[in-house]
Amino acid sequence: MDNKLIKICNLESRVEEEEILKGINLEVEKGEIHVIMGPNGSGKSTLANVLMGHPDYEITAGEVDFEGENINDLAVDKRAKKGIFLSFQYPQEIPGVTVENFLRTAKTSVTGENQSIFDFKFLLEEKMKMLDIDESYADRYLNKGFSGGEKKKNEILQMAVLEPKLAVLDETDSGLDVDATKTVAEGIKKLSSKDNSMIIITHHNQILDYLEPDYVHVLVEGKIVKSGGMELAREIEKNGYAEYKEDAEKLNTKTNC
Amino acid sequence: MADKTQVNDIDRSLYDQKNENIYKYKSQKGLTKEVIKEISKEKNEPKWMTEFRLKSLEIYKEKEVPDWGADISELDIDNIITYIRPDAELQNDWNDVPEDIKNTFDSLGIPEAEKKSLAGVGAQYDSEVVYHNLKKELVEQGVIYMDMENAVKEYEDIVKEHFMKLITPNDHKFAALHGAVWSGGSFVYVPAGIDVDIPLQSYFRLNAPGAGQFEHTLIILEEGADAHFIEGCSAPKYSVNNLHAGAVELFVGKKAKLRYSTIENWSRNMYNLNTKRAKVEEDGVIEWVSGSFGSRVSMLYPMSILNGERARAEFTGITFAAEGQYLDTGAQVIHAAPHTTSTVNARSIAKDGGQAYYRGLLKAAKNAHHSKASVSCESLMLDNDSISDTLPIMKLQTDDIDIGHEAKVGRISEEAIFYLMSRGISEEEAKAMIVRGFVEPIANELPLEYAVELNNLINLELEGTIG
């Protein structure tokens with residue numbers, strides 16, 4: 001059986017005429033945790049948005065295959081239905097829409113099955129308990145007046161409820177204090193299983209100590225310049241990205257995939 | 001590329017049906033003294049009313065058409081037939097209402113609404129009320145709910161004391177026009193201390209081509225009385241421009257409480273130039289709930305005059321303008337006594353090139369010390385072709401008033417749509433969700449059946465097919 005979940009091949013993308021991704025190659029199998037590190041402006045968030053299908057991010061070359069099917073032109077909501085999830089770096093505030101109503105609607109859309117109010121409440125309470133989120137949050141308006149940490153926790157709650165096959169976490173640990181990072185990381189770890197995969201975009205190693213990723217990739221100037229394991233993350237923590245920046249421009253990442 | 005959503009317009013087939021016109025009486029086009037006299041004679045009105053009409057006509061001819069707000073230059077007032085009476089005498093039993101009129105009402109849900117224990121139904125078909133009913137127990141308590149024409153004759157003294165005293169013919173051109181040609185409407189009188197615990201509902205609509213509608217609503221609540229009046233409007237669509245210039249006068253006595261709810265859904269050729277005013281005495285409360293969805297042009301600014309100490313006004317309004325609509329709505333509050341309180345909460349939405357404005361006035365007289373006012377108006381535009389804005393005006397003659405004010409204008413955010421879609425929600429549902437969230441504080445204030453209707457209207461407005 002083919003265990004490949006997503007295959008990104010020679011992916012190039014631009015935003016408002018500016019070339020950001022310049023040939024990304026990445027394969028993720030079921031059950032794997034991949035980490036993408038890189039300096040500011042290297043294209044990490046662009047990659048996350050392209051994978052989710054943001055209309056402002058144009059794919060100019062290359063392919064994204066999900067479970068063997070090309071999804072280059074697939075609408076955002078249909079990607080979600082296929083099992084792709086993006087934890088936003090800056091989650092949107094939606095006044096007037098409660099967390100519970102929103103998540104029940106989303107769960108109905110993603111599964112194609114009506115969610116009974118009672119059963120869903122039960123499910124939501126269970127996930128909230130797991131992530132140490134106060135029950136009162138179910139009745140609050142989505143992200144409205146949430147602190148940075150609460151917003152990030154809420155993203156993980158959404159992931160817990162929607163149970164995606166592939167979760168892309170865009171700097172989910174940024175702006176969190178040590179304790180909040182720990183809670184969020186433990187939540188993510190609980191959700192991680194042999195049936196799902198994660199691409200974690202981060203600046204920090206603290207979250208990685210909890211998650212024990214399988215692969216670490218370094219993204220510089222729109223290209224993955226080096227891949228390895230946790231030792232790569234530790235090296236970057238010590239030495240930064242300087243040495244990769246010099247190589248990035250010359251590097252040809254083009255492959256025959 | 002991502003799929004695009006086609007947002008269709010509301011399906012108005014339910015509202016836009018019309019019956020064949022069989023009319024007993026049709027006044028000639030244009031307004032003369034003779035026409036006014038005929039109208040009054042036909043109605044068997046007392047002399048003072050005939051004279052009031054004629055005086056209003058004179059004022060109407062002198063007044064200029066307002067040059068602010070919406071463009072109403074295409075409105076041909078001379079061409080509007082002002083008085084049309086359907087071929088049906090006033091009925092108080094549903095079974096006696098003529099079949100074709102009934103069919104129209106049936107599709108608008110009138111009898112069902114009554115079955116759901118509404119206190120009484122006064123349904124205005126063209127200019128006169130054809131159906132009227134009020135539950136027995138209310139009659140026994142001395143509550144009067146009847147059509148305005150008969151009230152002029154049967155309760156002449158009360159009517160004469162209040163009729164067009166809050167809205168006078170001198171106020172503006174369309175108030176004068178109303179004074180001259182008013183026809184139909186509802187009269188409600190609630191004696192002191194009586195609590196009408198079921199809402200009174202009126203439903204009126206226009207049916208004849210070129211027919212203007214000038215219904216007059218007069219509600220009087222004596223000391224400590226409590227009532228909820230629901231006004232619903234819908235009109236079929238015609239090619240001739242239609243004019244609606246009704247008047248609503250509400251007298252809220254000491255410690256009395258009145259809630260006045262409206263959802264207006266006129267057809268898209270209607271000029272809705274309605275005037276509504278409430279005068280509130282000591283410790284009295286007026287609550288306005290107002291939804292404006294239909295019409296080509298609306299200019300509607302319900303006014304609350306807080307006349308007695310500790311009087312209170314609340315206004316909750318929503319306006320939704322689609323293609324070709326110019327909806328200029330808002331609320332006016334006059335703090336004319338100490339310790340008075342007002343809260344205005346308004347939302348306007350514009351899509352497909354529609355224009356929705358909030359225009360409000362907050363006035364505090366010199367003696368309105370220790371008063372409190374709060375205004376919150378927000379606008380949401382669903383695309384780049386639509387225009388929405390808020391124009392709140394304040395005129396304060398005292399410093400001793402606590403004012404909270406918030407105005408926001410914004411476009412629906414692409415990032416918010418992307419966020420919701422990333423959770424599997426379709427573009428159409430994402431937009432509807434954002435709009436429903438935007439009006440949520442308003443929907444909370446509505447009676448349940450209106451909240452449902454509001455939701456349905458929003459869904460219809462945003463309905464589309466995924467390409």
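The legends below describe close-up views of a predicted model.

**View 1. The open sheet of chain A contains four strands.**
The strands of this sheet follow the order S2-S1-S4-S5 in chain A, and their pairing is antiparallel. Strand S2 (18–29) and strand S5 (69–70) of chain A lie at the edges, where each pairs on one side only. Strand S1 (residues 4–15) of chain A is joined to S4(A) by eight bridges, and the two run antiparallel. One residue of this region to locate is A:Lys7, whose bridge partner in S4(A) is A:Asp65.

**View 2. A hairpin links S4(A) and S5(A).**
Strand S4 (residues 57–66) of chain A pairs with S5(A) over two bridges, again in the antiparallel sense. Across this pairing, A:Phe66 stands opposite A:Glu69 in S5(A). Two residues lie between the two strands of the hairpin. In the turn, A:Glu67 has a positive phi of about 50°.

**View 3. A:Pro55 occupies the loop between helix H1 (44–52) and S4 of chain A.**
A:Pro55 has 17 other C-beta atoms within 10 Å and is therefore partly exposed. Its C-alpha atom is separated by 8.3 Å from that of A:Val76, although the two residues are 21 residues apart along the chain.

**View 4. Helix H3 of chain A contains 13 residues.**
At 1.5 Å a residue, H3(A) should span 18 Å, and its end C-alpha atoms are 18 Å apart, so the expected and modelled values agree. The buried residues of H3(A) are A:Val99, A:Phe102, A:Leu103, A:Arg104, A:Ala106, A:Lys107, A:Ser109 and A:Val110. The elements that cover these buried residues include H2, S7, helix H4 (117–130), strand S8 (141–142) and H5 of chain A. After H3(A) comes A:Gly112, which has a positive phi near 75°.

**View 5. Chain A and chain B meet at a contact that takes 24 residues from chain A and 20 residues from chain B.**
On the side of chain A that touches chain B, the elements giving two or more residues are helix H2 (76–82), strand S7 (94–98), helix H3 (99–111) and helix H5 (148–162) of chain A. By class, this side of chain A has 14 nonpolar, seven polar and three charged residues.

**View 6. A:Glu221 has a positive phi although it is not a glycine.**
The phi of A:Glu221 is about 45°. This residue lies in the loop between strand S11 (215–220) and strand S12 (223–228) of chain A. Is A:Glu221 buried or exposed? A:Glu221 counts as buried because it has 21 C-beta neighbours inside 10 Å, and the cut-off for a buried residue is 20 or more.

**View 7. B:Lys255 has a positive phi although it is not a glycine.**
For B:Lys255, phi is about 55°. The residue is found in the loop between strand S12 (247–252) and strand S13 (257–265) of chain B. B:Lys255 is buried, since 21 other C-beta atoms lie within 10 Å.

**View 8. Chain B is divided into domain 1 (13–415) and domain 2 (416–467).**
The contact between the domains takes 19 residues from domain 1 of chain B and 19 residues from domain 2 of chain B. Which elements of chain B each supply at least two residues of the side of domain 1 that touches domain 2? They are S13, strand S16 (285–292), strand S19 (312–321), strand S22 (341–350) and helix H9 (414–421) of chain B. The residues on this side of domain 1 divide into eleven nonpolar, five polar and three charged. As a background to this view, chain B has eleven helices and 27 strands. Of the 467 residues in chain B, 52% are buried. Among the contacts in chain B with a separation of 6 or more, 83% are accounted for by residues 24 or more positions apart.

Methods:
Residues numbered from 1 in each chain as written. Chains lettered and ligands numbered in written order. Predicted model: local features only at pLDDT ≥ 70, side-chain atom pairs only at ≥ 80, totals over all residues. Contact = placed C-beta atoms within 7 Å. Nonpolar A, V, L, I, M, F, W, Y, C, P; charged D, E, K, R; others polar. Pairing = 2+ DSSP bridges. Buried ≥ 20, exposed ≤ 12 C-beta atoms within 10 Å, placed from the backbone. Domains from an automatic or database assignment. Expected span 1.5 Å × (residues − 1).
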